[in-house]
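Reader: Hi! I'm new to this one and would love a quick tour. Could you put it up so we can both look?

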Amino acid sequence: MAVAKLKMNADYGLVNNIRQKDAKLTINFAPEASQLFDSQTMLKAIAQTKYRATVNQVDGRYVVGLTIQPQMKDWLNQLIILLTNLANYRRQNQEGLDAKTHEK
């Protein structure tokens, strides 16, 4: 169930892929994510987790580096929280765009 939730929110959050090497996770986003999420939104989503993180843009795409902290046994749940926050932001943003479209 956790993997399904992770996948669903990653897809809706415009994640291309997530890679893990030791205690480091790298999340590569689709180019569209940099149009939808500003860096402040990305940082707010990360702040809701226990990760230490870096946010960069490479060739117009967000690349987020996350460090799994020592004794952080719930790192998968923390990743789900991050991706859920981004997916929820997109849903809220999309609803606002849909409402404006219908008003015209």
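Reader: Thanks! Let's start with strands S1 and S2: how many bridges join them, and do they run parallel or antiparallel?
Author: Happy to help, and keep in mind that this is a predicted model. Strand S1 covers residues 15-21 and strand S2 covers residues 24-29; six bridges join the two, and they run antiparallel.

Reader: Which residue in S2 stands opposite Gln20?
Author: That is Leu25.

Reader: And what does Asp22 do in the hairpin?
Author: The hairpin of S1 and S2 has two residues between the strands, and Asp22 takes a positive phi near 55° there.

Reader: Zooming out, how many helices and strands are in the protein?
Author: There are four helices and four strands. Along the sequence they come in the pattern α-β-β-α-α-β-β-α.

Reader: Why can we call the protein as compact as a globular protein of that length?
Author: Its radius of gyration is 14 Å, and the globule rule gives 13 Å for 104 residues; those values are close, so the protein is as compact as a globular protein of that length. The C-alpha atoms fill a box of roughly 50 × 35 × 20 Å along the principal axes.

Reader: What share of the residues is buried?
Author: Of the 104 residues, 34% count as buried. As for the surface, the protein exposes about 6,800 Å², with carbon and sulfur atoms supplying 51% of that.

Reader: New topic, charges! How far apart are the mean positions of the positive and negative ones?
Author: They are 7 Å apart, taken over 14 positive and 9 negative charges.

How values were computed
Residues are numbered from 1 along each chain as its sequence is written. This is a predicted model: local features need pLDDT of at least 70, side-chain atom pairs count only at pLDDT 80 or more; totals for chains, interfaces and linings use all residues. Side-chain values use heavy atoms; hydrogens and water are left out. The radius of gyration is taken over C-alpha atoms; the globule rule is 2.2 Å times the number of residues to the power 0.38. Buried means under 20% relative accessible area, exposed over 50%, partly exposed in between (1.4 Å probe, protein chains only). Accessible areas come from the Shrake-Rupley method with a 1.4 Å probe; for residues, only the protein chains shown count as cover. Lys and Arg count as positive and Asp and Glu as negative; His and the chain ends are not counted. The place of a charge is taken as NZ of Lys, CZ of Arg, CG of Asp or CD of Glu. Two strands pair if DSSP finds at least two bridges between them.
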